[in-house]
Amino acid sequence: MNNTICQQMGSDFKSRFLPPVFILVFIIGVVANGWGLKSLLQNWKKLGNVNVFILNLGLTDILYLLTLPFLMVYYFKGSKWIFEDTFCKITRFCFNLNLYGSIGFLTCISVYRYLAIVHPMRVMGRITVTHSVGISVMVWLLVSIQSLPDMFYSKTFGNNTEKCYDTTSNAYVEDYLKYSLGWTVTGFCIPFLITLGCYGHVIVVLCRTNTTDKVLKQRCLKLLLITILLFSVCYIPYHVLKNLSLWSRVLSKQKICREWFNGVYIAKQISRGLVCLNSALNPLVYLHGSEDIPARLRRLLQRARRMFSHPPPTNSSSVAMAQIQYEGVTQEK
């Protein structure tokens, strides 16, 4: 096949697509996570042990959101990394901590919900905050161990334009593909199967049991929908297309060209934008777990409606009101 097919025809696509996505995620993510974490801490004593995982979920989002301004600069400059190689690796490491930390803590939340609904008598009083903190520490350690090898791969490449690869340069792409496949199995597939198994069993129990509290049923169904949304929109497309893109790079390096290479490249950039949306979508877990936040949202909407339906007085009416008040004061005197 002609080698020109191996050229990335949409190589400038990511520089046009990713910066607006990063700006949107940064604004929504900072506001939503900040508000959610504040509400979570204010109502900490009223909430269950599962909120330790929700707190850590928010911390992973904040960690990644802090790196987005540097990535915006990178893509606005046409994929030219103006910072140091070490900082490039740290930025990518924070992304991986956010991605696989989010998957890990969502899995923990799913397991806790499963135990609370399917085996309530067995776990009652046996699962404490200390257990949740210990499990959270284990999740951070496992995610860090999985992500650490990624930092030893070359991330930058100097040839007139400095790159900051989200994977690695072509020199090490074969080894990175093997590492990525193993990482996908341990960091994504296994937690995904555990989550599916937990919610599958929960749904069966809720459908068979009529005595289950309706509020509990609604919360479980909401959390299930949020989890399905996160996995189907953010996590599944990214892992599939990431490994397909690495495979296409391996074939290109072997001078084997296919027509689908450019389609996979563009789809992978879209999946990169979608996967970072998890930092803006994770706060939906706060909405599921706290009844206070939806109430606040309703009050804010009501205030906004009143403001638009009853506009503030004009300057003339303000002067008239001030004159009436002045006359009333002078009469009293």
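A contact, in what follows, means heavy atoms within 4.5 Å. With that in place, I can begin with Ser110, in the predicted model now before you. Leaving aside residues up to four places away in sequence, Ser110 touches Thr195, Cys198 and Tyr199. Ser110 belongs to helix α4, which covers residues 85–118. Its relative accessible area is 1%, and because buried means under 20%, Ser110 is buried.

Let me now step back to the chain as a whole. The chain has 333 residues, and 42% of them are buried. Its secondary structure comprises 13 helices and 2 strands. If we take the contacts between residues at least 6 apart in sequence, 80% of them join residues at least 24 apart. The exposed area of the chain is about 18200 Å², with 66% of it supplied by carbon and sulfur atoms.

I turn next to helix α3, by way of Met72. Helix α3 runs over residues 68–76, and Met72 sits within it. Is Met72 buried or exposed? Its relative accessibility is 12%, so Met72 counts as buried. Once residues up to four places away in sequence are set aside, Met72 touches Phe22, Ile23 and Phe26. There is also a C-alpha to C-alpha distance to report: Met72 and Pro19 are 5.3 Å apart in space, although 53 residues separate them in sequence.

Met72 has company in this helix. The buried residues of α3 are Leu68, Leu71, Met72, Tyr74 and Tyr75. Viewed down the helix axis, these buried residues fall within an arc of 160°, so they line one face of α3. The general background is that an α-helix has 3.6 residues a turn, so residues three or four places apart point the same way.

What follows α3 deserves attention for its backbone angles. Just after the helix, Gly78 takes a positive phi of about 75°. Ser79 has a phi near 60°, a positive value in a residue other than glycine. As a general matter, most residues other than glycine have a negative phi. Ser79 lies in the loop between α3 and α4, and with a relative accessibility of 2% it counts as buried.

Where else do we find a positive phi in a residue other than glycine? Lys255 is one such residue, with a phi near 65°. Lys255 is in the loop between α8, residues 214–253, and α9. At 69% relative accessibility, Lys255 counts as exposed, whereas Ser79, as noted, counts as buried.

I close with internal space. How many cavities of 30 Å³ or more does a search of the whole structure find? The search finds 2. The largest cavity has a volume of about 80 Å³. Its lining consists of Phe22, Tyr64, Leu71, Arg92, Phe95, Asp166, Tyr238, Arg272 and Val275. The elements giving two or more residues to that lining are α4 and α9, the latter spanning residues 261–275. By class, the lining holds 6 nonpolar residues, no polar residues and 3 charged residues.

Two of these lining residues take us back to α3. Leu71 is in the lining and is also one of the buried residues of α3. Phe22 is in the lining as well, and Phe22 is among the residues that Met72 touches.

How values were computed
Residues numbered from 1 in each chain as written. Predicted model: local features only at pLDDT ≥ 70, side-chain atom pairs only at ≥ 80, totals over all residues. Heavy atoms only, no water. Helix = DSSP H or I, 4+ residues; strand = E, 2+ residues; numbered from the N terminus. Buried < 20%, exposed > 50% of the residue type's maximum accessible area, 1.4 Å probe, protein only. Areas by Shrake-Rupley, 256 points an atom, 1.4 Å probe, with all protein chains shown as cover. 1 Å grid on protein atoms, 1.4 Å probe; cavity = no way out; pocket = protein on both sides within 12 Å on 5 of 7 lines; lining within 4 Å. Points joined across faces, edges and corners; volume = space filled by probe spheres on them. Nonpolar A, V, L, I, M, F, W, Y, C, P; charged D, E, K, R; others polar. Arc of directions from axis to C-beta.
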